[in-house]
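Trainee: Could you take me through one part of this protein slowly? I'd like a close look at the loops and their backbone quirks, and then a bit of the wider setting.

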Amino acid sequence: MEHRKIPVSHVYVYHNKEIIISGPMSPAVLQSLDIHRDLDAFRKPREQLDALIEISGLPEGRVITAVTDNILIGYVTFHYPDELELWSQGGMSDLIELGAIEVADAYRGGGLGKLLIATAFEREQLENCIVFTTEYYWHWDLKGSGLDVWAYRKMMENLMKTVDMVWYATDDPEICSHPANCLMVRIGREVPMSSQETFDRVRFRQRFMY
């Protein structure tokens, strides 16, 4: 299938700082950036930047960034699901995972997350894909946000709904392991019914639940 990568860029001002929201980014541009020390939710900042560079070089991979003063302060990633995960079992070329979203602590609360995700969907770049995200409570910054697990889930649901992602049922064991975990999905307008049916088979391994 065609992986559409059309560069998009926006200027946003937050706390008198000019922030550039742009992507999909190339590996070369990401290599030229420094990374904010607070972007450590998934791994150490330098290791996280290396991971973003790797994702951006994948045929299907895309990284949308928030940058100020040449410092990466936020990002969202899209890529194929890991081959060891349930979601790869359908062998679907048009199933893309929204893998991670992170904003540095000092820049939270200003809508950067919404802008990052919305930028990725501009110019119908993902209309030929099923985009999904798996929300696990153990990845959430409950301490830093001051939210309980249910308020944080509601916040994440509202964030994903800004690009028309909706809750989908699944019997995936990891998601079912805690009631706050959830699967959210957006099916692009150009996705064929055959892909939607394959995705339904992937998200339900126990046929009686489907």
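Mentor: Sure, and keep in mind that this is a predicted model. Let's start with the whole chain: 49% of the 210 residues of the protein count as buried. The fold is built from 7 helices and 9 strands. Its radius of gyration is 17 Å, which agrees with the value near 17 Å for a compact globule of 210 residues. Along the principal axes, the C-alpha trace spans about 55 × 40 × 30 Å.

Now for the loops. Between β1 (8–14) and β2 sits asparagine 16. Asparagine 16 isn't a glycine, yet its phi is positive, about 65°. Its relative accessible area is 79%, so asparagine 16 counts as exposed.

Follow the chain through β2 (17–23) and you come to the loop that leads to α1 (27–31), where proline 24 is found. Look at the peptide bond from glycine 23 to proline 24: that one is cis, with omega near -5°.

Further along, the loop between β4 (62–68) and β5 (71–79) holds asparagine 70. Here too you have a residue that is not a glycine but has a positive phi of about 65°. Asparagine 70 has 39% relative accessibility, so it counts as partly exposed.

One last stop, on the surface. Asp82, Glu83, Glu85 and Glu174 form a negative patch there. Glutamate 174 belongs to helix α6, residues 173–176. With 43% relative accessibility, glutamate 174 is classed as partly exposed.

Definitions and conventions:
Residues are numbered from 1 along each chain as its sequence is written. This is a predicted model: local features need pLDDT of at least 70, side-chain atom pairs count only at pLDDT 80 or more; totals for chains, interfaces and linings use all residues. Side-chain values use heavy atoms; hydrogens and water are left out. Patches are made of residues with over 30% relative accessible area and no salt bridge: like charges are joined within 9 Å, nonpolar side chains (Val, Leu, Ile, Met, Phe, Trp, Tyr) within 5 Å. Accessible areas come from the Shrake-Rupley method with a 1.4 Å probe; for residues, only the protein chains shown count as cover. A salt bridge is a side-chain nitrogen of Lys or Arg within 4 Å of a carboxyl oxygen of Asp or Glu. Lys and Arg count as positive and Asp and Glu as negative; His and the chain ends are not counted. The place of a charge is taken as NZ of Lys, CZ of Arg, CG of Asp or CD of Glu. Helices (H or I, at least four residues) and strands (E, at least two) are DSSP runs, numbered from the N terminus. Buried means under 20% relative accessible area, exposed over 50%, partly exposed in between (1.4 Å probe, protein chains only). The radius of gyration is taken over C-alpha atoms; the globule rule is 2.2 Å times the number of residues to the power 0.38.
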